[in-house]
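Here's a quick tour for anyone new to reading protein structures. Have a look at the model first, then work through the notes below.

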Amino acid sequence: MECPVDIKRTESRDNPPSRRGFLTLAAAAGAGTALGVLPAFTASAAPLRPTESPMLAAADAAKNQLWWGAPGSPNSMIEQGLPVGNGRLGVLASNDPSSELLMITDATMWTGHLNDKLDSDGQFPYGREDFGSLTLLAKLTVAIPDHDLGNVNNYRRTLDMAQGLVGASYDISGVSYSRQIFASLPDDVIVLYFSQQGGGTYTGTVSLAGTHGESTTANSSGRYASFGATLANGLKYGAAVTAYSSTGRVKVDGTSISFSGCKTLTVVVSGGTNYSPDGEAGFRNPSVVPERLARTKVLDAAGHSASTLLHTHVADFRPEFAQLDINLGTSSAAQRELDTWERLQARYRDDVPDPELEAAYLQFGRYLMISGSRGSLPMGLQGPWLDGNDPDWMGDYHTDVNIQMNYWMADRVGVPDCFDAYTDYCVSQLPSWTDVTQRQFNDPTNRFRNSSGKLAGWAVAFSTNPYGGSGWWWHPAGNAWLCQSLFEHYEYTQDRAYLKKIYPLIKGAVEFWEARLVTTTVTDASGEKREVLIDDKDWSPEHGPQDAKGMTYAQELVWGLFGNFHTASELLGKDGAYRKTIDGLRERLYLPVVSPTSGWLEEWMSPDNLGETTHRHLSPLINLFPGDRIRPDESTPKEILDGATALLTARGMTSFGWAQAWRALCWARLKDAEKAYRLVVNNLKPSVNGTNGSAMNLFDIYEVETGRGIFQIEANCGTPAAIIEMLLYSRPGHVELLPALPAAWAASGSVSGVGVRGGFVADLRWKNGKVTQVTLKSVGGRTTTLVAGGASRKISLKSGESVTLRNLG
């Protein structure tokens, strides 16, 4: 039925404005420009400077501000340090009054290499020397001995998510001191600004240290301190720091910078590597000398006031953050009085909804995405935030959920530009992935090799690095899952140029699976036998037998891959004959059935469960989410839907943070609002002594063993995606509002800037569980069906048009 609505239609220019409000001019000099991506650390043209202040008023900034009543411990930076980042450089700040510590990571600071020689079992080596690891670039310390924490009153530190700022303030002997820390993308530097009110001054030292045994030196002119070196794999890197003040004295003293009697102080640091996303050049840009470039960047920035640097940064950062706003309800006055860590503990202890905290968790995920995924490599297991040189699993890119989950939210939460890092990474790695696959996949020692002997296209392992290399075991279906995420981004943007860019990846993955599939005979429920195509010997991540054929995970991913290839090929007018061939293969693909033994959707081609009942991965439910072949409507047979629900139920409601985020997304797809909400809340549980949950700084902690937890970023990204899926579900041609709205958020709320598959953006309001208004804006989409409260309406728009509907049931 159609819903009664009031319609307001507005039409803008033929080409809608960019969703990004501030552009940085950059010279893409050196290797890698042919790939359409900027080298990771390169000389830049002068950034655009705002003509007026872009800063938010204090009252407006408070809405998206987190705060704490104590600084972070230098011994627990991953749980207590506050993150800033410019998409390449990531920083954890301690905010200790007397010893500000910054731990600085460059997303391209990787050891290791191509790693294309297999072990005796046909799989890849997986260690820090061969596969490699993400490592720290530098540590910066600003020591102010007179500001011992014991002499401090009214301490408070903040994370201003809307403006990309970490701040701290405190009083000593009647003087108010404050500091701001930010990582500027336009200037490509990290800035620390120290100020005061009441006649106080700063005296101390600035020290820059490498983390691989480097020696920091000062230049003869006394303007900066810097270091440079080369990793064992040939990657060059370096960093530099300078400081300045209009009052007092600042000078380079030995290997550090000293300052005294300064009413204000500005510290500027930068650094990077000569990594380039160009495999033909060995993923190096030989024209870049990182130490020299770092010195140039800090001195260029030091030619401007701290206020100018801040305003330039905010003018870039704030429009990105402002693309989405969310209101899940009003928290109590008592909840608002607590600092962020106390609030997390109260939410868990009292089990009382705190809608503003829950909305802030979503915004924190968006903040991390904007800070960690712009203009460089994508975010891996920890993004660009480390506390040492030995992150678990090397901080790599896991291809069996982790890197994909990091980017599920990008389009949904209004930061589609941040997806570019994922795309550019896959494009840059494709030649190496293809070459290694052709040389090594059918090695006779590889238990996952194609038994037919045929081979085409490309594949990856469960872990990948930025040098075209793979680590750990081969992951045949990983190519299909990487492509699923790539194609979904097209569904949101409807950008044909982008589709053309990713087409070689999709086609190469299709060619791999055309060669890999084998034929078998199955008997259906009626007793009829038929020939089907199935995956060769494989593994359902990450449990069960390692030689199972036709497992659900791969069958579902390949079904989706072939369908996406059909769409892409048709839209681009390419490979018509081959498209028909693949369509024929898709029709013959085996798709899973329900086990008569367990009543679950089968994970393997067996009625028996061959793995762990409560396993963390939801591999067989890959087409419930992120795919949507299985959905609660007439398109899915009831027995399949019931089997998927039973399997999800059996997996349980407690696990690691990323696994709970995936479960929440699946329950949202099944329209079970309260289960989805419970799993979101589970990820807000305070982590204590390394247990699963949220650390003091909201980083998700993964308990690897009793008493030891590590930061993994996927839950921080996957949980916001789940919150959006609870409020809006979409696929091309279909949008459903409030499919899984929990009671805790039902009274009233709103969200604006939500990406919609099919080429739209939605703004949504509700009250008492019902939609009161929705505005749908086209960013390339033409038609879709809007569903709310059981009613539906067909929407037709031109690119740039919007329509507002009110009084939906």
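Let's begin with one glycine: Gly-457 sits in the loop between α9 (420-440) and β20 (460-464). Keep in mind that this is a predicted model. After the glycine come a helix, some strands, and then the empty spaces.

**A glycine in a loop**

- Is Gly-457 buried or exposed? Its relative accessible area is 11%, and buried means under 20%, so Gly-457 counts as buried.
- Which residues does Gly-457 touch, once you skip its neighbours within four places in sequence? The contacts are Thr-434, Thr-437, Gln-438, Gly-508, Glu-511 and Phe-512.
- Gly-457 and Ser-432 are 25 residues apart in sequence, and their C-alpha atoms are 11 Å apart in space.

**A mostly covered helix**

- Helix α16 runs over residues 673-682, and 7 of its 10 residues are buried, which makes it mostly covered.
- Want to find them? The buried ones are Ala-673, Ala-676, Tyr-677, Leu-679, Val-680, Val-681 and Asn-682.
- A handy thing to know here: an α-helix has 3.6 residues a turn, so residues three or four places apart point the same way.
- What do the buried residues of α16 pack against? Their partners are four helices: α6 (340-350), α7 (355-372), α15 (657-669) and α17 (714-727).

**Strands and a hairpin**

- As background, the strands of a sheet pair through backbone hydrogen bonds, either parallel or antiparallel.
- One open sheet here is built from 4 strands in the order β29-β30-β34-β35, with mixed pairing.
- At its edges are β29 (728-731) and β35 (791-796), each of which pairs on one side only.
- On average, neighbouring strands of this sheet are turned by 15° against each other, ignoring direction.
- Zoom in on β29 and you'll see it pair with β30 (residues 734-737) in the antiparallel sense, over 4 bridges. Within that pair, Tyr-729 stands opposite Glu-736 in β30.
- Elsewhere, β15 (residues 249-253) and β16 (residues 256-262) run antiparallel and are joined by 5 bridges. Here Val-250 stands opposite Phe-259 in β16.
- β15 and β16 form a hairpin with 2 residues between them, and Gly-254 in the turn has a positive phi of about 70°.

**Cavities**

- How do you find gaps inside a protein? Rolling a probe the size of a water molecule over the atoms shows where empty space is left.
- The structure holds 5 cavities of 30 Å³ or more, and the largest contains about 80 Å³ of space.
- The lining of the largest cavity includes Ser-595, Trp-600, Trp-604 and Leu-647. By class, that lining splits into 5 nonpolar, 4 polar and 3 charged residues.
- The second largest cavity has a volume of about 70 Å³. Among the residues around it are Ala-107, Trp-110, Met-379 and Tyr-397.
- What classes of residue line the second largest cavity? There are 8 nonpolar and 4 polar residues, and no charged ones.

**A pocket**

- The second largest pocket holds about 640 Å³ of space. It is lined by 30 residues, and the closest to its centre are Phe-487, Glu-491, Asn-564, Pro-732 and Arg-757.
- Helices α10 (478-493) and α12 (552-572) each supply at least two residues of this lining, and α12 gives the most, with 8 residues.
- Sorted by class, the lining of the second largest pocket has 8 nonpolar, 12 polar and 10 charged residues.

Notes. Residues numbered from 1 in each chain as written. Predicted model: local features only at pLDDT ≥ 70, side-chain atom pairs only at ≥ 80, totals over all residues. Heavy atoms only, no water. Pairing = 2+ DSSP bridges. Axes fitted to C-alpha atoms, helices over the stretch in contact; angles between N-to-C directions. 1 Å grid on protein atoms, 1.4 Å probe; cavity = no way out; pocket = protein on both sides within 12 Å on 5 of 7 lines; lining within 4 Å. Points joined across faces, edges and corners; volume = space filled by probe spheres on them. Nonpolar A, V, L, I, M, F, W, Y, C, P; charged D, E, K, R; others polar. Buried < 20%, exposed > 50% of the residue type's maximum accessible area, 1.4 Å probe, protein only. Contact = heavy atoms within 4.5 Å.
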